[in-house]
Amino acid sequence: MSPSGTGCLGAGSTVRTRIALVYGGVFLVLGALLLLVVNLLVRAGTDGEKEAIVARAGEVAVVEAYRIGDDVGRAANEQMLMWSCLALLVIACGAVVVGWWTAGRVLRPVHEMTARARSLSERDLGGRLAVRGPDDELKELGDTIDALLGRLETAFDSQRRFIANASHELRTPLATQRAALQVGLDEDCEVRRILLDTNRHSERLLDGLLLLARGERGLAEREDVPFAEVVAEEYEDVAVAGDGVVRGSRVLLRQLVRNLVANAVAHNVPGGTVDVRVHGGAPTVVLTVVNTGPVVPPDEVESLFEPFRRGAGRDRTGPGAGLGLSIVRSIATAHGGTATAVARGAGEGGGLVVTVTLPATVTRRS
């Protein structure tokens, strides 16, 4: 975990290290105060004993007795101070070790909670921390986080089910409307064309929402899919350098490629180019789609992966639904991969470089 407010220790120090050092530092300060008090008391006692010894000496030996007493007292104080400081340092080091061990025992449940929390994501909220042990503050924290995960899981599932169910239910009336328009209006009717275009746009939007909901639910079944073969099925001019096998859904992977290529074509310029490449095998396979097109500001690239976001110059009545890159990222994430984009400058022809990286199990041999 990354503690905040670590002071001079820096942001990279751990709670366990800080506890051990604080424990040792407090022990060192208290031990130094103890030794100071002991040395002052011993010095005062030594001075009293020296006066008693001198009082018993004869008049001739008084001066010599004072000198000897001072020498003996000084030597005793120096030896005691040296050995006391050495013992204090040794015991302080032991205190740091004890503090380190104690902190490790106390923080062990926190490390277990952190490891379990890392394995969770918005697509897999079924796991719980399930902290065991005495009913203390750490168990209360774990139970609170489990309750929060339960509420988040319910909310995410409800949202996905609503999108999927609503999209599915709306497909039937849209299909009925399309059939009625095709039968009831003449082909040369301008209103017929406008209504059919609107109907097709709505159907594409619903199909996109269904795909997005399916990708966000994750993969129920997986199979070995030669990724370069899937890309070649959707785009014949692909340049292939190695064919990694991706463990996932062939249907969703084809949709990923289809959306990427369609997006590159739709957001191109007249006479522009689209370059599709597949590279690599195990452990990763990389799909790169490069197109020419309008120059996209670098700070707006990430927003293109959000649902219903369109590039510059694209209106809401156009052929796209604004879900292309959202679906691409959703499908890539469901397969344990990533989808990123980089804007190209005007000197490069504009457009985007979209890169999808997927984990590959093995390299397929031809």
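Visitor: Which residue's side chain meets that of Glu233 in a salt bridge of 2.9 Å, N to O?
Guide: This is a predicted model: local features need a pLDDT (the predictor's confidence in each residue, from 0 to 100) of at least 70, side-chain atom pairs count only at pLDDT 80 or more, and totals for chains, interfaces and linings use all residues. Numbering runs from 1 along each chain as its sequence is written, and side-chain values use heavy atoms, leaving out hydrogens and water. A salt bridge here is a side-chain nitrogen of Lys or Arg within 4 Å of a carboxyl oxygen of Asp or Glu. At 2.9 Å, the partner of Glu233 is Arg250.

Visitor: How many residues apart are Glu233 and Arg250?
Guide: Glu233 is in helix α5 and Arg250 in helix α6; helices (H or I, at least four residues) and strands (E, at least two) are DSSP runs, numbered from the N terminus. The pair links distant parts of the chain, and the separation is 17 residues.

Visitor: Is Arg254, another partner of Glu233, buried, partly exposed or exposed?
Guide: The closest N and O atoms of Arg254 and Glu233 are 3.5 Å apart. Buried means under 20% relative accessible area and exposed over 50%, with partly exposed in between (1.4 Å probe, protein chains only). Arg254 has a relative accessible area of 29%, so this residue is partly exposed.

Visitor: Which residue forms a salt bridge with Arg329?
Guide: Arg329 lies in helix α7, and its partner is in the loop between β5 and α7, so the pair ties together parts 27 residues apart in sequence. The N to O distance is 2.5 Å, and the partner is Glu302.

Visitor: Which element supplies the largest share of the largest nonpolar core?
Guide: A nonpolar core is a set of buried Ala, Val, Leu, Ile, Met, Phe, Trp, Tyr and Cys residues joined through side-chain atoms within 4.5 Å. The largest one has 38 residues, with Leu256, Leu260 and Leu287 among those with the most contacts inside it. Elements supplying at least two residues each include α5, β4 and β7. The largest share, seven residues, comes from α6.

Visitor: How many contacts does the stretch 312–318 have beyond near neighbours in sequence?
Guide: The chain averages a pLDDT of 76, and 75% of the residues score at least 70. Over residues 312–318, however, the pLDDT is below 50. Where pLDDT is low, the predicted coordinates should not be read in detail. Counting contacts as heavy atoms within 4.5 Å, the number for this stretch is nine.
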